[in-house]
There are 2 protein chains.
Amino acid sequence: MDACPFPESEYLDRVARAQALMQEHRLDALLLTAPPNFGYFTGFETQFWESPTRPWFVLVPRQGTCLLVVPEIGAPALARSWIGAVHTWPAPRPADDGVSLLADTIRNLERRYGRIGMEMGRESVVRMPLVDLAVLRDRIRGVDLVDGSPAIWALRALKSPLEVDCIRRSCQAVGRAFEALPATLARGRTERQAARALTLDILTRGVDAVPFLACASGPGGYPEIISPPSDRPLEDGDVLFLDVGATTRGYFCDFDRNYALGRIPDAALRAHEAVWRATEAGIQAARPGRTTSQVWQAMMDVLESAGMRGNNVGRLGHGLGRQLTEPPSNMPGDDTVLEPGMVITIEPGMEYAEGRMLVHEEDVHITEDGPDLLTPRAPREMWRIS
Amino acid sequence: MDACPFPESEYLDRVARAQALMQEHRLDALLLTAPPNFGYFTGFETQFWESPTRPWFVLVPRQGTCLLVVPEIGAPALARSWIGAVHTWPAPRPADDGVSLLADTIRNLERRYGRIGMEMGRESVVRMPLVDLAVLRDRIRGVDLVDGSPAIWALRALKSPLEVDCIRRSCQAVGRAFEALPATLARGRTERQAARALTLDILTRGVDAVPFLACASGPGGYPEIISPPSDRPLEDGDVLFLDVGATTRGYFCDFDRNYALGRIPDAALRAHEAVWRATEAGIQAARPGRTTSQVWQAMMDVLESAGMRGNNVGRLGHGLGRQLTEPPSNMPGDDTVLEPGMVITIEPGMEYAEGRMLVHEEDVHITEDGPDLLTPRAPREMWRIS
């Protein structure tokens, strides 16, 4: 039990909710292979996922408890999880890396619908060799492996109070580090130096890891928001952009901050004010009963009236939790109805001149009482680096 | 060009080698979706892979230059890569997230074998929704999507001098941090505190990121080597184990160190001596013409004569590069013949008493002149924390 970050009741609740969804989606089980789902049910968090050599499987049946089919290297750790029982094989064994053991386990499941859901759909990846998946299909004739992602996302979209607390802790630690950054930076330092200073400070503030950091800078704005920091020195008139996904017990924050280097152009200041106000509108729209497309529209009303040219991000925020980004998306056509317990980012951005974009982001927990802002709100005036 | 870590000639060499392998494997192209392969050909390194929302594709055709099919959010960054031309679609667009654009691009490829290789095999993952992969298959009738991983691994197993240099830099930075750790630690500190101190120090020594850190401790040894650090306080008689994968320009080191807390049992000291000597034997065996199973045997001869009970890791080292672990495996049945340019880890471990394991690891570059040790060699006597 000491290996799990939450009490056993948390996992039992997750399994119970999953099992209700399996009835609704006519699934006999969920077969999960990807780190966010494996950890969601087992409580086992590890960076060993960086090694793709061995697949790991958790089966959540329609009734009863979870079944673990994992490589021997994971047996001692998983035996300490709330699930307890572990089926293992000596891995790596490329000729049969868990496939026979998994097929046997699946054949022993009670069969009602003849369907098992896997991570085959939206924003999902099956973490096992597809040649092995084909063998598995052959070995479990009579059971179809189907797309389980609608059930998985319905489950994970609603965060428990413990999950929200972890996201809030990530947000607060990174928010304090963002605020402290200007005091340690000066013109002439590079993006890479700024990013490293920020990362080191974040790690001292109690998060577990910083798996995501993007950095951009340029005169009055930047053309994109997903690259790593470069050796570009920060100059007068630049806007420096830093976007961070740090984790606490496997739960991400995802938000950014913009910094003004000395005096930035008036057009950039006006665009910044518009994006700040769009964020405000997005936060206020993030309430139960509203749709993600309505949240998007609330932001777009502000951005378009401020002369938005475009936005290569393709949406204005998204779900957040055990992944840096999760469904839903704040965009037209995604008409997800917000419910208490969801956590989304509010991420308006606009290109106000060729190659000059400004993007803001905050993280919001949807509650009956309205938006619960998990991030310390960005200041209306950009922090300055002198 | 400034977005790529290496000169264009490096990427042209990779493409030329890939194209020779495609002839051999009867492939018209490689279609690649996973971060290690995408970055290998494009030079684009980003932590944005943490967001699973949008798939990214690079097509390496049998002749000619690479084709990029990427979401709009990636266009500005990829336009700066050595490839230049970028095909984009407005993403996210769940109803058609790049599938039509990718199918059009594939249909325009010159067809000779009617086969395109994907990351379907060993130690590989296809990073796109499988429901979309099924649609893609339907849209490119006459072209089979097959397992391209034998060609991919044959390509990536041989590292260029620039690649080896990056791995060496990761190894040296982490090695210095490992050596400096005892001075900052004392009994009573927790695993978590030790791991955080080490991570912070590594980041100040010039690596880009620390995606992998595992930690274990226990009286005279530990039962497993893949868990994150816990709040367990370090006590007299413990062995503390830390294993780190840090990256430079996308290239990992992967090695561990063991520390003695005060006085540890004689049996642990004897086992440690055996594992150190097994490492020495493994390094000496890592020469062109030897097989990975021979390297394994060289280590096993030492471990078994020292009373090895078992080892839940399942092998004694593996390939290393853009992934923390890559083929081949040092184990029976993996008869990969070592060639100059390969980089492998030498990772002997033994359980010498129930639940008490000791594992060592070093990283070696195979050269005509013999083993080129990339890591500073672990001391024969464990570093002590007092």
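Student: What makes the chain B and chain A surfaces count as touching, and how many residues does each chain give?
Tutor: In this predicted model, two residues are in contact if their C-beta atoms lie within 7 Å, and the contact takes 54 residues from chain B and 54 residues from chain A. On the side of chain B that touches chain A, helix H3 (75-79), helix H5 (130-139), helix H8 (191-204) and strand E7 of chain B each supply at least two residues.

Student: How is the side of chain B that touches chain A divided by class?
Tutor: That side of chain B has 28 nonpolar, 16 polar and 10 charged residues.

Student: Why is Glu123(A) called buried?
Tutor: A residue is buried if 20 or more other C-beta atoms lie within 10 Å of its own; Glu123(A) has 26 such atoms, and therefore it is buried. Glu123(A) is placed in the loop between strand E5 (115-118) and helix H5 (130-139) of chain A, and it has a positive phi of about 55° although it is not a glycine.

Student: What makes Arg249(B) count as buried?
Tutor: Arg249(B) has 21 C-beta neighbours inside 10 Å, and since the cut-off is 20 or more, Arg249(B) counts as buried. Arg249(B) lies in the loop between E8 and strand E9 (251-252) of chain B, with phi near 50°, a positive value in a residue other than glycine.

Student: Why is Glu235(B) called partly exposed?
Tutor: Exposed requires 12 or fewer other C-beta atoms within 10 Å and buried requires 20 or more; Glu235(B) has 13, so it is partly exposed. Glu235(B) sits in the loop between strand E7 (209-219) and strand E8 (238-248) of chain B, where, leaving aside neighbours within four places in sequence, it is in contact with Arg187(B) and Leu261(B).

Student: What makes strand E4 (87-89) and strand E6 (144-147) of chain B edge strands?
Tutor: The open sheet in chain B has 6 strands in the order E4-E3-E2-E1-E5-E6, with mixed pairing. Strands E4 and E6 of chain B each have a single partner strand, so one side of each is left without a neighbour in the sheet. From one strand to the next, the twist averages 25°.

Student: How do you know that strand E1 (residues 29-32) and strand E2 (residues 57-61) of chain B are paired?
Tutor: Pairing needs at least two bridges between the strands, and E1 and E2 of chain B have 4 bridges, in the antiparallel sense; they therefore count as a pair. Within this pairing, Leu32(B) stands opposite Val58(B) in E2(B).

Student: What makes strand E11 (residues 318-319) and strand E12 (residues 326-329) of chain B a pair?
Tutor: E11 and E12 of chain B pair in the antiparallel sense over 2 bridges, and because the requirement is at least two, the condition is met. Gly319(B) stands opposite Glu326(B) in E12(B), and a hairpin joins E11(B) to E12(B) through 6 residues.

Student: How do you know that the peptide bond from Pro327(A) to Pro328(A) is cis, and where is Pro328(A)?
Tutor: The bond from Pro327(A) to Pro328(A) is cis, with omega near 0°, and Pro328(A) is found in strand E12 (residues 326-329) of chain A. A cis peptide bond also joins Ala91(A) and Pro92(A), where omega is about 0°; Pro92(A) is placed in the loop between strand E4 (87-89) and helix H4 (99-107) of chain A.

Methods: Residues numbered from 1 in each chain as written. Chains lettered and ligands numbered in written order. Predicted model: local features only at pLDDT ≥ 70, side-chain atom pairs only at ≥ 80, totals over all residues. Axes fitted to C-alpha atoms, helices over the stretch in contact; angles between N-to-C directions. Nonpolar A, V, L, I, M, F, W, Y, C, P; charged D, E, K, R; others polar.
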